[in-house]
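User: I should like to learn how to read the packing features of a helical model, taking one feature at a time. Where should we begin?

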Amino acid sequence: MFGMRLTQLRKQRGLTQNDVAKILGIARTTYSSYEQGRRSPDVDIQNKIADYFNVSLDYLHGREKTDDYLLTEKQLRVASHIDDVLVEEQLEEIIHYIEFMKQKKQK
C-alpha cells in the first residue's frame, strides 16, 4: 500500500522519481525501491514524505480509507494556475472564494 500511495502522490504532482529523491536527499534507486515495495524508508524519510505531500503516515500506510488527499483533474488544473507570483492577500481572496463556492453548493 505504501508504494502505491507514494506513486499516486508523486504522479499527481507531475514529479519524477528523480525529483522526489532529490527533495528527500536520497538516491533515485532508493526512492524507486520504496515505490516498488522492495524497501521501506526509515522513520525520518517517512516523515519527510508525509510532510512534503501534506498527508498523514496513516494515509501512506493505507490505514486511512479516504483518498481526500488526491486531487481531481479539475482541481489539479486550478492549482496549476496558482503559483508563487501571487501575493498573500491574493491567495487569501482565492481561499475565501473557494469557501464561498463550497457553501453555495451545499445550499
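Analyst: Let us begin with a single residue. Arg10 belongs to helix H1, in a model that is predicted.

User: Is Arg10 buried or exposed?

Analyst: The class follows from relative accessibility, where buried means under 20%. Arg10 has a relative accessibility of 9%, so it counts as buried.

User: Which residues is Arg10 in contact with, leaving aside its neighbours within four places in sequence?

Analyst: With those neighbours set aside, Arg10 is in contact with Leu15, Thr16, Gln17, Val20, Tyr31, Glu35 and Phe53. Two of these partners, Tyr31 and Glu35, are also among the H3 residues that meet H1.

User: How should the pairing of H1 with H3 be read, and at what angle do their axes cross?

Analyst: One takes the geometry and then the residues. The axes of H1 and H3 cross at roughly 115 degrees and come within 6 Å. On the H1 side the participants are Phe2, Gly3, Met4, Leu6, Thr7 and Arg10, and on the H3 side they are Tyr31, Tyr34 and Glu35. By class, this contact of H1 with H3 consists of 5 nonpolar, 2 polar and 2 charged residues.

User: How do H2 and H3 pack?

Analyst: H2, residues 17-24, packs against H3, residues 28-36, at an angle of about 110 degrees, and their axes are 8 Å apart. Angles of 65 to 115 degrees count as roughly perpendicular, and H2 and H3 are therefore roughly perpendicular to each other. In this contact Gln17, Asn18, Val20, Ala21 and Leu24 of H2 meet Arg28, Tyr31, Ser32 and Glu35 of H3. The contact of H2 with H3 divides into 4 nonpolar, 3 polar and 2 charged residues.

User: Which residues of H2 are buried, and how are they placed around the helix?

Analyst: The buried residues of H2 are Gln17, Val20, Ala21 and Leu24. Viewed down the axis of H2, they fall within an arc of 105 degrees, so they line one face of the helix. What these buried residues pack against is H1 (2-12), H3 and H4 (43-53).

User: Which residues of H3 are buried, and what covers them?

Analyst: In H3 the buried residues are Thr30, Tyr31, Ser32, Ser33, Tyr34 and Glu35. Their cover includes H1, H2 and H4.

User: Which residues of H4 are buried, and which exposed residues does the opposite face carry?

Analyst: Ile45, Gln46, Ile49, Ala50 and Phe53 are the buried residues of H4. They cover an arc of only 140 degrees around the axis, which puts them on the same side of H4. The face turned away from this buried side carries the exposed residues Val43, Asp44 and Asp51. The buried residues of H4 pack against H1, H2, H3 and H5.

User: How should a nonpolar core be understood?

Analyst: In soluble globular proteins, nonpolar side chains tend to be buried together. Here the largest nonpolar core has 16 residues, of which Leu6, Tyr31, Ile49, Phe53 and Leu60 touch the most other members. Each of H1, H2, H3, H4 and H5 (57-60) supplies at least two residues of this core, and H4 gives the largest share, 4 residues.

User: What is Leu60 in contact with, apart from its neighbours within four places in sequence?

Analyst: Apart from those neighbours, Leu60 is in contact with Met1, Phe2, Arg5, Leu9, Gln46, Ile49, Ala50 and Val55.

User: What does the sign of phi tell a reader?

Analyst: Most residues other than glycine have a negative phi. Asn54, a residue other than glycine, has a positive phi near 55 degrees. Asn54 is located in the loop between H4 and H5, and because its relative accessibility is 62%, Asn54 counts as exposed. Positive phi is also found at two glycines: Gly25, which follows H2, has a phi near 75 degrees, while Gly37, which follows H3, has a phi near 80 degrees.

User: What is the secondary structure of the chain, and how many residues does the chain have?

Analyst: The secondary structure comprises 7 helices and 0 strands, in the sequence pattern α-α-α-α-α-α-α. The chain has 107 residues, of which 27% count as buried. Among contacts with a separation of 6 or more, 50% are between residues 24 or more positions apart.

Notes
Residues numbered from 1 in each chain as written. Predicted model: local features only at pLDDT ≥ 70, side-chain atom pairs only at ≥ 80, totals over all residues. Heavy atoms only, no water. Axes fitted to C-alpha atoms, helices over the stretch in contact; angles between N-to-C directions. Parallel < 35°, antiparallel > 145°, perpendicular 65-115°, else oblique. Contact = heavy atoms within 4.5 Å. Nonpolar A, V, L, I, M, F, W, Y, C, P; charged D, E, K, R; others polar. Buried < 20%, exposed > 50% of the residue type's maximum accessible area, 1.4 Å probe, protein only. Arc of directions from axis to C-beta. Core = buried A, V, L, I, M, F, W, Y, C linked by side-chain atoms within 4.5 Å.
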